[in-house]
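Hi,

Here is the structure I said I would pass on. Have a look at it first, and my notes on what turned up are underneath.

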Amino acid sequence: MTWYTDPIANDAPIISARVRLARNLKKYPFKQMMTGKEALMIIEETSGAVINDRTAIGVRFKSQDIKQLNETAKKMLIEKHIISHDLLKPELPVGLLLQDDENVSIMINEEDHIRMQTVSAGDNIAASWELANHIDDLIEESVEYAFDKDFGYLTSCPTNTGTGLRASYMIHLPMLEKTGKIKFLIPAINKFGIALRGLHGEGTEPMGSIYQISNQLTLGKSEQEIMQGLQNVTQNIIEKEKMICEKMLEKHRIDLENNVYRAYGILSFGKKISLAEAMNLLSEIRVGFYTGVLCQPKLNKNIYQVMIEIQNGHLQNRIGRKLGEEECEIYRADILREMFN
Amino acid sequence: MKCEKCHINQATVHMQQFINGNKTEIFLCKDCSLQHEMPISFDNIFNGMLESILSKQSESKKNISSGQKGVQCPSCKMTNEGFKSTVKLGCAECYKAFLPEVETILKNIQGSARHEGKFPRKSGASLLYKREVDKLRKMLASAVEHEDFEEAAALRDKIRAIEI
């Protein structure tokens, strides 16, 4: 099951757990100094190492030619967090290997030769790590990684050197956001080498109160210690979120109910809606479901999946043509009305 | 009356605070009043964890040394200046070519310059072994220097056992 389709993740603040590993092949220069020919050879070697018949997992991957995809398909990959904007820069040949359920993706020639990521629904970071570790071993059977006994895995940027690991949770924090506490939280957790940022990573505004929390440091600690540190900080944040939620229910229940039901009303009857508004209303619905305030039948869908499906690339794909902003708002409202009625 | 904080919405909440005997009054809208409530302190929620991480971060606060000008990576031809302007390395060999700068940068941004994580399964076994022997040799040299001959003998035996 693809991580964002699992409705189990509707009932807790953590939506998904993600692991990203950065690796480079020893015999080729890094992105900064490589030629187009070398980039093509890296794509070929990495694809060959992953897509093979030796293991059960290898046959589940398909190679996608990013340059051949149309704009809508590229947008959809970004909206599903499968690729980064950087992969679409035209400088050098790039590659993408995608597992059939989309829970594992391998970007080739992004900032490093190999950027693999594994995602699972809910808070199971250990499952994501095990899978990434397994694929890492699988690739290493065919290639030699750039590795140093003191510095660990060598990466293009020193911010990833060592484990090359970025472990992260996608987390829904409506109460901390609404009460303005999140502003104090961000600098506090930075002290632990942990970063909290908006939905689409660095420098983006949070939408629908959804954040990414991840380790910043990759060297000097084992993978397990890094993930444990992330888990500890995240657990603390969730406790604060729940504490505020309980206080709101106790002291301002009618306001909380009012917000949830107004959101339900607009989503059920609106005729035009911007992405930011829809995301914020869906965030209220999520609150309504997990607090039990919303007495309507539960959506048999992961709310985060809805948040993905109402983004412009997905709307264009559904309608089958490029859409203007106003058209997107109308089709978005259509989908949401259908879902909530 | 407008909210005294956002100056947009109508003030519907009247709040009074007593701090050190001084009374302050403020008129707020519903949204801004929520931000005033929920007095949860974020100063001490991560007690205990802070020390362990900060101690690592403060290990090195040196500035990036200017390094030798004109140094070039023999493998990819990245220059010292090129590395410093982009803070991106050109290849695996750059880590050796610009070793002093790399070490300083890693200590500054990562708080450490020593990998404690996974070793590659196939090619890493010999490196792991070499690292272990290097570590024991350093400990042996230190034991000899401190005339701790009992410890030195034990370390020598350990190194022999590994090398066999």
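Six salt bridges turn up across the interface of chain A and chain B. One to look at is between Lys88(B) and Glu111(A), where the closest N and O atoms sit 3.8 Å apart. Before you go further, do keep in mind that this is a predicted model. Besides the salt bridges, there are 17 residue pairs in polar contact across the interface of chain A and chain B, with both residues at pLDDT 80 or more.

If you want to see where chain A's side comes from, colour by helix and strand. At least two residues each are supplied by α3 (125-140), β7 (152-153), α4 (174-178), α5 (182-190) and α6 (223-251) of chain A. The most comes from α6(A), which gives ten residues. Sorted by class, the side of chain A that touches chain B is made of 24 nonpolar, 21 polar and 19 charged residues.

Now for the interface as a whole. The size of an interface is often given as the accessible area lost when the parts come together. Here, chain A and chain B bury about 5100 Å² between them, and 65% of that is on carbon and sulfur atoms. On the chain A side, Lys149(A), Phe151(A) and Phe192(A) lose the most area to chain B, together 15% of what that side buries. As for residues, 64 from chain A and 50 from chain B take part in the contact.

Next, the cores. Nonpolar side chains tend to be buried together in soluble globular proteins. The largest nonpolar core in this model has 96 residues, and Ile106(A), Ile139(A), Ile213(A) and Tyr304(A) touch the most other members. Its largest share, nine residues, comes from α6(A), the helix that also gives the most to chain A's side of the interface. Try clicking on Ile106(A): beyond its neighbours within four places in sequence, its contacts include Val50(A), Phe61(A), Leu97(A), Met116(A) and Ile139(A). Apart from the largest core lies another one, of 19 residues, and among them are Phe30(A) and Leu154(A) as well as Cys73(B) and Phe98(B).

One last residue: is Ser16(A) buried or exposed? With a relative accessible area of 1%, it falls under the 20% cut-off, so Ser16(A) counts as buried. You will find Ser16(A) in strand β1 (residues 14-23) of chain A. Leaving out residues up to four places away in sequence, Ser16(A) touches Trp3(A), the run Val119(A), Ser120(A), Ala121(A) and Gly122(A), and also Ser168(A), Tyr169(A) and Met170(A).

Cheers

Terms used:
Residues numbered from 1 in each chain as written. Chains lettered and ligands numbered in written order. Predicted model: local features only at pLDDT ≥ 70, side-chain atom pairs only at ≥ 80, totals over all residues. Heavy atoms only, no water. Contact = heavy atoms within 4.5 Å. Buried area = accessible area lost by both parts, 1.4 Å probe. Salt bridge = Lys/Arg side-chain N within 4 Å of Asp/Glu carboxyl O. Polar contact = N/O pair within 3.5 Å; in protein donor to acceptor, adjacent residues only side chain to side chain. Helix = DSSP H or I, 4+ residues; strand = E, 2+ residues; numbered from the N terminus. Nonpolar A, V, L, I, M, F, W, Y, C, P; charged D, E, K, R; others polar. Core = buried A, V, L, I, M, F, W, Y, C linked by side-chain atoms within 4.5 Å. Buried < 20%, exposed > 50% of the residue type's maximum accessible area, 1.4 Å probe, protein only.
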